[in-house]
Amino acid sequence: MNSPLRIGVGKLVDFACRSGDLASGPSPGPSASEGIRAHQALQKQLAGEYQPEIEVGTTLLRAGYEVDLRGRVDLLKSDSEVAVIAEIKTCYGDPACLPSSQTERHWSQLKVYGFCYLRMFPAQRIRLSMIWYDLLNQHSHQQSIEFDCKTLEEFCNAALDRYLHWQQIITELELANRQSAQALRFPFGDFRSGQRAMAAAVFRCLRDGSELLCEAPTGIGKTVSALFPAIKALGHDHIDKIVYLTAKNSGRQVAWDTVELMRDAGLQLPTLVLQAKAMACPCQNGDCQLDPKDPCPRTIGFFDRLPGARRQLIESGIMNSRAIAAVADQYQLCPFELALQMLPWSTLVICDYNYVFDPLVSLGYFAEADERIALIVDEAHNLVERARQMHSAQLSRSDARLAAAGCKTSRPALGRKLAAVSRALDRSQGDQDVQDVQEQVSDSPPAAICRAIDRLFDTLARDAANATRPLPELADWLRALYRYRHIAGLFGSHHRCITRREKGGSFRQLTSKLACLNAGGYLQQSYQHFAAVVVFSATLRPADFYQKALGMGSKCRSLTLPSPFPGNHLGSFVYHGIDTRYQHRAQSIGPIAELVKQVYRSRPGNYLVFFPSHQYLQLVAGEFLEKYPDIPLICQQPQSSDAMREQFLQQFQRGEQTLGFAIMGGIFGEGIDYHGDRLIGAIVIGVGLPGFNTEQELIRQDFDHDGLNGFDFAYRFVGLSRVLQAAGRVIRCESDRGIVILVDRRFAQRQYLALLPDHWQPRLCNSQHQLKTGLAGFWTAGEPIQMAALDTQ
């Protein structure tokens, strides 16, 4: 006899009772909030006749399992001759137009409820009633069918047999997974200095169900120091599943490679990598030539072909994008949807932040799963800004006008509603004349724009009810509208609406942005779905800022680890003889070019110079190329493609002497390992402060309002993270040696020096002579000459 197994009715139905097509309607169906309101209204309306929200359940022995099957019915009438169970579903338009796969699932759920009820209160028959509520026409459609006990028992037993057969496979795999996790040894033999402390802290956090904020230096091996203890915690039955979040594709690849190392050492762990739909789905990534007006053939009969693909993937345990795509091709399934179907059965899930935190993209599974899920957030310094973006939305009048014009002839009713959105945007700042640029801030979303969007959604819903698909060219604009309307519904005390007008020729451009100023509260809500939370990065200082901005609880433990590498392998300098503030940049261009030349010639090799903006980079690059044409220079280009990125990185090979200019906080300043002499020096120009604008000032004011130092939270700490990430590219392993030079007078201030890593021990230089002497000391003796000696010269 296996251990008792609790199954929710919804989980059973979703796994064992779905067949036919994957519903892929032309527009989203009713939202969760619309469904809740309709449920409550109907339950109130029928209160005299039905009891609302009644739990039903039963325990039975089946296929060697003691099954506890439970669910909650919307409506129950138990005082009639034949009991009635009613289920409420919302839709747009006539439910007769709903896909059969959707209505069959609704009826399957009702049948299982009926089975459970008859097990609780034995009777020969029960009436099952489906109530579809048409939100467009404010009308309910009811269909009732009487079932006998035997029919429901046969239906439910068949569903349970399918589920329990799969559960037996999963149970055997889980046992092997836990045994392999228990036996797993650290894949690199010995722990690097600091790794053991990080691994122990992560293990304790997951064991105790707490929160951990960990700052560990670049090159320490943070990924394995987080994943290894998490897998050991799983092996010791402290957790059931691991969700590992990254900000970039490169981070997901590093995590996957780390799992592969442990797999080579004997680990068996079903591991799933979730790829963005735009990259995974052939209909969106350009691999499919299907007419976008037609349904994708990979969604037709999806659930009929799913079982074979599901079993093949779970038994291999390898579910990265390549493996998912191969199996999806074999069974002709949508790769993205196949990956989502594997989510409940994967022990380790590697994915982007948005699948947990984005209110429009987050997966309901994480909130609904009855499992002990550990959440691990890599490169968590990125999450502060990403979370704000996820809880923000923006519309532009120009996009609205283009969308309206695009369907004016082919879809006039839709075109009129789109034009109404454009007019609402235009009126959102009044009729005053705009001379240049004008911004207006309010503490609520614009009601007129929201009403216009709601009317547009009604039109789209009616089109969907008539099986009319929206024009493919409107897809991006409609997604922007859905996000704007959803964020308007979330709009809270940490939001502001920024309306911006600017005049360009005869056309007045206007944007309306719902800006989230602090997403910490939303992150905190998301953490509540997880048994334990670990966030880590090389740059989480000061810890109290990140604890607040990342929504960590007051009992969150903070851990800061020292560098594992010899101190004399890094020469760190603060050159405060140049003022890079915006009003002084014109005067700084020549001195910066000369400083870069001096550093490069002190020891030719591979160097990166990081700038706060492309404009600044280009000004210095122009000066440098004119004065020092003999030194080869490559520059990061705005909006670099993947091919351009690879071409840039290829210049930084061992033994080369490449000088590169790049952007602080950009693709070359984070998440890339330049091992050995692929990079021997980084020069960071400026303190990395975000640009001064209305939104950034509102962020500052928001933190001020909470009793914190708004400038620090909105500017200084954010800039410092960019600086430290750029500088962290230099030392990546024990044998690396190199220099970091911070260029700006502000770096010599106490507020900045106190925030630099302890192992840096930077030398302050106020002249190029001091810097030249310090560099010579480092490269010849392995350690910079002390500034106390230099200052006397």
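The paragraphs below lead through one helix and its charged surroundings, then through salt bridges elsewhere, and finally through some backbone features and distances.

The structure is a predicted model, in which local features need a pLDDT of at least 70 and side-chain atom pairs count only at pLDDT 80 or more, while totals for chains, interfaces and linings use all residues. Residues are numbered from 1 along each chain as its sequence is written, and side-chain values use heavy atoms, with hydrogens and water left out.

A good place to begin is helix α17, which covers residues 412-427. Helices (H or I, at least four residues) and strands (E, at least two) are DSSP runs, numbered from the N terminus. With its 16 residues, helix α17 reaches 22 Å from its first C-alpha to its last, which is close to the 22 Å expected at 1.5 Å a residue; the expected span is 1.5 Å times one less than the number of residues in the helix. Among the buried residues of α17 are Leu414, Leu418, Val421, Leu425 and Asp426, where buried means under 20% relative accessible area, exposed means over 50%, and partly exposed lies in between (1.4 Å probe, protein chains only). Such accessible areas come from the Shrake-Rupley method with a 1.4 Å probe, and for residues only the protein chains shown count as cover.

Helix α17 also takes part in a charged area of the surface. Arg423, Arg427, Arg451 and Arg455 form a positive surface patch, and α17 and α18, the latter running over 447-465, each supply at least two residues of this patch. Patches are made of residues with over 30% relative accessible area and no salt bridge, with like charges joined within 9 Å and nonpolar side chains (Val, Leu, Ile, Met, Phe, Trp, Tyr) joined within 5 Å. Lys and Arg count as positive and Asp and Glu as negative, whereas His and the chain ends are not counted; the place of a charge is taken as NZ of Lys, CZ of Arg, CG of Asp or CD of Glu. Arginine 455 is located in helix α18 and, at 41% relative accessibility, counts as partly exposed.

From the patch we can turn to charges that are paired. Side chains of opposite charge can pair when their charged atoms come close. A salt bridge is a side-chain nitrogen of Lys or Arg within 4 Å of a carboxyl oxygen of Asp or Glu, and a search of the whole structure finds 41 of them. One salt bridge brings us back to helix α17, where the side chain of aspartate 426 meets that of arginine 501 at 3.6 Å, N to O. This pair links distant parts of the chain, since arginine 501 belongs to strand β15 (residues 495-504) and aspartate 426 to helix α17, 75 residues apart. Both partners are buried: arginine 501 has a relative accessible area of 3%, and aspartate 426 has a relative accessibility of 17%.

Another group of salt bridges is found around aspartate 579, which is buried with a relative accessible area of 12%. The side chain of aspartate 579 meets that of arginine 581 at 2.7 Å, N to O, and it also forms a salt bridge with arginine 745, where the closest N and O atoms are 3.3 Å apart. Arginine 745 lies in the loop between β24 (738-743) and α27 (750-753), and aspartate 579 in the loop between β19 (570-575) and α22 (585-602), so this pair ties together parts that are 166 residues apart in sequence. Both arginines count as partly exposed, arginine 581 at 29% relative accessibility and arginine 745 at 45%. Elsewhere, Glu55, Asp68, Arg70 and Arg72 are linked in a network of salt bridges.

The backbone also deserves attention. The peptide bond from arginine 541 to proline 542 is cis, with omega near -5°, and proline 542 is placed in the loop between β17 (532-537) and α21 (543-549). Glutamate 53, which lies in strand β2 (residues 51-62), has a positive phi of about 50° although it is not a glycine. Glutamine 332, in the loop between α11 (321-331) and α12 (335-341), likewise is not a glycine and has a positive phi of about 55°.

Finally, separation in sequence can be set beside separation in space. Alanine 47 and proline 359 are 312 residues apart in sequence and 33 Å apart in space, C-alpha to C-alpha, while glutamine 636 and phenylalanine 610 are 26 residues apart in sequence and 9.9 Å apart in space, again C-alpha to C-alpha.
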